[in-house]
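Please work through the following exercises with the sequence and the structure at hand. Each task is followed by a solution in steps.

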Amino acid sequence: MRIDVVSIFPEYLAPLGLSLVGKARESGLIDVHFHDLRQWTHDRHRTVDDTPYGGGAGMVMKPEPWGEALDAVVPTGQTGEQPATLVVPTPAGEPFTQAVAADLATRDHLVFACGRYEGIDQRVIDDAASRMEVRELSIGDYVLNGGEVAALAIVEAVVRLLPGFMGNAESLTEESHTAGLLEYPVYTKPDAWRGHQVPDVLLSGDHGRIARWRHDQSVRRTAERRPDLAHPSTAVDLDELAGQLTLAVPADAAELLTLQRACWVQEQQANPGAEIPAHQEDLADVQAWLQEWTTLTLRSAGRLIGAARAHQVGEAWDIGRIMVAPDLQGRGIGRMLLAAIEQAAPDDVLEFMLFTGAGSVRNIRMYKKAGYRLLGSDPEVAGAVRMTKRLRR
Ligand code: JD8
């Protein structure tokens, strides 16, 4: 990738000679050139600014030096090649995000126009847009004195995504803003420092628990610090959630219908051809069975994220519709709902029973872990299996 940066303070970009970006330049992965805008002025004072049309404070950067600079850095008639992309840092730009960085990392040639004063005459951008891609980008909702700092940040965020840049490319996938979640807290030796302990889970060697803990930390941080990135309901803490379990009320019917339709999509995919009762129902059906079944609902930040129902059939507690919002599955909420609906069983119940899709491997594994055993195909629901657990009364 070729990178050209035009500025009246080219020395501001010197940090791009350091560290990993510097090594990428030495290795030839990137070809970086800095240009002083004033070399395209022709008056004794090397003037690059003038007073704003329409009046107002400050000065505006003149179009002529910029026009000549971009003509030189992006010669016209470059055939075949991907046209250059002009990046103009400005507080009025589209937000620069990891997604934009990943997009710019696909370009062959990036040109940065670093403005100063009140900004660059708009006709420079309009003229450039006639022969190259132009991206006006902002690195954040605060005001800098010029575009150089933004160009530094954008170049680093883009170049580190280039194939062959990072030592361990796979770490890229885990990063903040790549998975839409903020980083989890990190620790290194010593395990005790100034009275602060490293969380035990990280010393456990149990990679499954460590991964779940880290994911929960990322979700919690994201919901607390960046609700714009993740709905607060995603910051689920099982201990806190247990207290959110309540008996369903008729007003829950609509959300229950929506949740059950969402949750049984993957069951249908796991059980092609199977009959999915939850998908055959409409709002009236849900309102009706809410009258007949004991139903627990689980909310997080007001959002219905889980539910389960059961009713007594003879000496059995027939459990069903254990549902967890698809984006929150895999965190133990299903296990918690199962335990809660079992807890709700009348004292004269001697057996728990339920059915699930024969192809719903994850569900069957969870039920077996909870002490259920497979009874065999369900006579009433095609493609389903019955599972049971006897209570030791
Ligand atoms: C380019 C001139 C200064 C801005 C009058 C202060 C980006 N996130 C960002 N904040 N600020 C910039 C930025 C500021 C710039 C220039 C980028 C060129 N200035 C101006 C308008 C108000 N002065 C930026 N990316």
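The exercises below concern a predicted model.

**Exercise 1. Two helices in contact**

Task: Determine how helix α9 and helix α11 are oriented towards each other, and which residues meet.

Solution.
Step 1. Two packed helices are described by the angle between their axes and the distance between the axes.
Step 2. Locate the two helices: α9 covers residues 253-270, and α11 covers residues 283-292. Their axes come within 9 Å and cross at roughly 115°.
Step 3. Angles of 65 to 115 degrees count as roughly perpendicular, so α9 is roughly perpendicular to α11.
Step 4. The crossing of α9 with α11 is right-handed.
Step 5. On the side of α9, the residues in contact are Ala-253, Ala-254, Leu-256, Leu-257 and Gln-260. On the side of α11, they are Leu-283, Val-286, Gln-287, Trp-289 and Leu-290.
Step 6. Sorted by class, this contact comprises 8 nonpolar residues, 2 polar residues and no charged ones.

**Exercise 2. A core and a covered helix**

Task: Identify the residues that touch the most other members of the largest nonpolar core, and describe how far helix α12 is covered.

Solution.
Step 1. The largest nonpolar core has 44 residues, and within this core Ile-319 and Ile-333 touch the most other members.
Step 2. Follow the contacts of Ile-333, leaving aside residues up to four places away in sequence: Val-236, Leu-238, Leu-241, Leu-298, Ile-305, Val-324 and Leu-328.
Step 3. A second core, separate from the largest one, has 29 residues, among them Phe-96, Ile-154, Ala-157 and Val-158.
Step 4. Turn to helix α12, which spans residues 333-343. Of its 11 residues, 8 are buried, and the helix is mostly covered.
Step 5. Ile-333 is one of the buried residues of α12. The others are Gly-334, Met-336, Leu-337, Leu-338, Ala-340, Ile-341 and Glu-342.

**Exercise 3. Backbone exceptions**

Task: Find where the backbone has a cis peptide bond, and state where Ala-301 and Arg-321 lie.

Solution.
Step 1. Most residues other than glycine have a negative phi, and most peptide bonds are trans.
Step 2. The peptide bond that leads from Lys-189 to Pro-190 is cis, with omega near 5°. Pro-190 belongs to the loop between α6 (170-174) and β8 (192-193).
Step 3. Ala-301 is not a glycine, yet its phi is positive, at about 55°. Its place is the loop between β11 (294-300) and β12 (303-313).
Step 4. Arg-321, also a residue other than glycine, has a positive phi near 45°. Arg-321 is part of strand β13, residues 316-324.
Step 5. Compare each accessibility with the cut-offs, under 20% for buried and over 50% for exposed. Ala-301 has a relative accessible area of 54% and is therefore exposed, whereas Arg-321, at 9%, counts as buried.

**Exercise 4. Buried or exposed?**

Task: Classify Thr-297, Thr-41, Asp-141 and His-196 as buried or exposed, and place each in the chain.

Solution.
Step 1. Thr-297 is in strand β11. Its relative accessible area is 1%, so Thr-297 is buried.
Step 2. Beyond residues up to four places away in sequence, Thr-297 touches Gln-244, Leu-245, Thr-246, Ala-248, Asp-252, Leu-256, Leu-304, Gly-306 and Ala-307. One of these, Leu-256, also takes part in the contact of α9 with α11.
Step 3. Thr-41 sits in the loop between β2 (31-36) and β3 (49-50). Because its relative accessibility is 11%, Thr-41 counts as buried. With residues up to four places away left out, its contacts are Arg-46, Thr-47, Val-48 and Pro-65.
Step 4. Asp-141 is located in the loop between β7 (133-138) and α5 (148-159). Its relative accessibility of 83% makes Asp-141 exposed.
Step 5. His-196 is in strand β9, residues 196-197, and counts as exposed at 53% relative accessibility.

**Exercise 5. Sequence and space**

Task: State how many residues along the chain and what C-alpha distance separate Asp-141 from Pro-95, and His-196 from Thr-76.

Solution.
Step 1. Asp-141 and Pro-95 are 46 residues apart in sequence, and their C-alpha atoms are 8.7 Å apart in space.
Step 2. His-196 and Thr-76 are 120 residues apart along the chain, with 61 Å between their C-alpha atoms.

Key
Residues numbered from 1 in each chain as written. Predicted model: local features only at pLDDT ≥ 70, side-chain atom pairs only at ≥ 80, totals over all residues. Heavy atoms only, no water. Axes fitted to C-alpha atoms, helices over the stretch in contact; angles between N-to-C directions. Helix = DSSP H or I, 4+ residues; strand = E, 2+ residues; numbered from the N terminus. Parallel < 35°, antiparallel > 145°, perpendicular 65-115°, else oblique. Left-handed = near helix turned anticlockwise from the far one by under 90°. Contact = heavy atoms within 4.5 Å. Nonpolar A, V, L, I, M, F, W, Y, C, P; charged D, E, K, R; others polar. Core = buried A, V, L, I, M, F, W, Y, C linked by side-chain atoms within 4.5 Å. Buried < 20%, exposed > 50% of the residue type's maximum accessible area, 1.4 Å probe, protein only.
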